[in-house]
Amino acid sequence: MHKLYQIIVIVLFASQISLAQITIPNPILTGFYPDPSVTQVGKDYYLVHSTFSYFPGIPVFHSKDLKNWKQIGNVIHRNSQMDFMGERLTRGLFAPSISYHKGTFYVVCTDIDHDGNFVVTAKDPAGPWSDPVKIPQVRGIDPSIYFDEDDKAYIVYNSDAPDRKPLYSGHRTVRMQEFDPVALKVVGEEVQLINGGVDITKKPVWIEAPHFLKKNGWYYLYAAEGGTSVNHSEVVLRSKSIWGPFVPYEQNPILTQRDLPADRKDPITSAGHAQFVEGPDGKTYAVFLAVRPYEGDYYNTGRETFIAPVEWKNDWPIINPDHKEIQYSYMAKYKEVKLKGALPQAGNFQYTLTFEKSLDPALLFMRKIDSSSFSLSKKQGLTLKLKPETVMDFSNPSFIGKRQQHLYSTAETALSFSPTAEHEKAGLVILQDEKHFYYLCKSQSQGKAVVQLYKSMTTEKSMELLAEIPVKASAKSVGLRISSAGDTYSFYCSEDFKTWKPLKEKVDAKFLSTKAAGSFIGCLYGMYATSSGQSSTNSASFKYLKYGGNDPMFK
């Protein structure tokens, strides 16, 4: 009887293992998380993204199942590491890549306007990370470090056309140099691996974000092609030697959405910039960027991080093999592992950020952190000093932002602020960049307290007043709420947090789209206080920041 019981238990346990199943939703990170790069260390996965001129730079996420991700730190987390002052928000850090070798994590990245390519290291991916070490010999963007089986390291990157004489607009190359991972510098001569793209006779553009993978004796060199907009794609080449020559796959591209009907429901577009990783089930997956437009090529959520399975056919990798369209979820046969304390990142969700002791690592400042400009407390929440700088300047205003992660979203706060003059303003901003934002704020008008709605001007450094309503000066706090609904935003305020008065509803959201701004970034909901170029000793307190998203494709 005892043996029979053991057999039954073993059979039941085995059946449970075989039935282990996970549903991975897409995007795995919603909102402005572009240019993903992933590395695996044992059973752990680490993911990084571009942050351009926002600070802290390059968030680091951790997962054990490729579904549940928790931000554990930021690579550029000290002002002394990098200076973005004077840079547009859409400049700064482009396309980081993370790798791991023998106890050390490496991130290489491009500071597009100042420092060029650099490398930082850490023993713990949560940080602290080292000061950047410049790699001036690597001329170009999107560097990636690859460690071969013989412990030799190589850095591969997008670079200029041969002799810096492009044959057409967007003509680039992929180049490589050997890399010393101890001295953190290149070794030997630069070698050109790809000229133009898969087939230069077709004038391919922007061959970029290259990575290596070795499998079955082949070195696979895969990269994005076509630019990061609707023509984005992923292509692959292979060679028996890491030095080439690399032969392209006849069925390239291995991922794109550019040939699909434009009128399809809930489209995912602009897919590319992929990196392969082995899942917990031993199968290959691709992590890549794509976007969810509400119309045409209009989206405000930025470029997001997606995942899809990879199938190997005749020793070639195919991303999303069973579908033409990227799916909003994929099934896999392995166990889900949730991470304690992780904020939700995928699907529809809502949560409230409080500011009692620390700021969530996902919150963003402009260009640097000015620790003297804010304070945290259980009673007041987040208190921002009014600074003369505005979000229209290429400087460091009193601004702390959170990504808009849904097409249909709401951000809300309770603001305690007593303006003493018309130039003093504090409230919520929904911001794409320095010239594209809406500002819902409390201020003064003709000596009386008001809530105002402004729209930025694109031709000059000023704002246009769209709406204004009076509020009681005696009110301890006022509620501010901004809601997005695809191609519109609506703006509300409340004095009792029960009745919400509209300042203006269904305001044009395309004005804040990445396309209209000509930028690479997504929108942020920001807590923002300014004295509009004048000096002030005033401050404003934000009790909380409540965020919720409710997109129809996730229901």
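Buried, on this tour, means under 20% relative accessible area. Keep in mind that the model you have open is predicted.

Start with Phe-105: its relative accessibility is 4%, so this residue counts as buried under that 20% cut-off. Now add Tyr-100, which is partly exposed at a relative accessible area of 30%. The rings of Tyr-100 and Phe-105 make a tilted aromatic pair, with 4.7 Å between centres and 55° between planes.

Next, select Phe-349 and Tyr-547. They form a tilted pair too, at 6.2 Å centre to centre with 45° between the planes. Here the partners come from distant parts of the chain: Phe-349 is in strand 25 (residues 349-354) and Tyr-547 is in strand 39, 198 residues apart. Both ends are tucked away, with Phe-349 buried at 8% relative accessible area and Tyr-547 buried at 1%. There's plenty more to hunt for, since the structure holds 29 aromatic pairs in total.

For a group of rings, pick Phe-32, Phe-52, Tyr-54, Phe-94 and Phe-520, which form one aromatic cluster.

Now for the cores. The largest nonpolar one has 44 residues; Ile-430, Tyr-438, Val-451, Tyr-489, Phe-491 and Met-527 have the most contacts inside it. Colour strand 39 (residues 539-549) as well: it supplies four residues, the largest share of this core. Then jump to a second, separate core of 25 residues, including Ile-268, Phe-276, Trp-316 and Ile-319.

Finish with two lysines sitting over tryptophans. Lys-240 lies over the face of Trp-218, 4.2 Å from the ring centre, and Lys-215 lies over the face of Trp-312 at 5.1 Å from the ring centre.

Definitions and conventions. Residues numbered from 1 in each chain as written. Predicted model: local features only at pLDDT ≥ 70, side-chain atom pairs only at ≥ 80, totals over all residues. Heavy atoms only, no water. Core = buried A, V, L, I, M, F, W, Y, C linked by side-chain atoms within 4.5 Å. Buried < 20%, exposed > 50% of the residue type's maximum accessible area, 1.4 Å probe, protein only. Helix = DSSP H or I, 4+ residues; strand = E, 2+ residues; numbered from the N terminus. Phe/Tyr/Trp six-rings, centres within 6.5 Å; stacked < 30°, edge-to-face > 60°. Lys NZ or Arg CZ within 6 Å of the ring centre and 35° of its normal.
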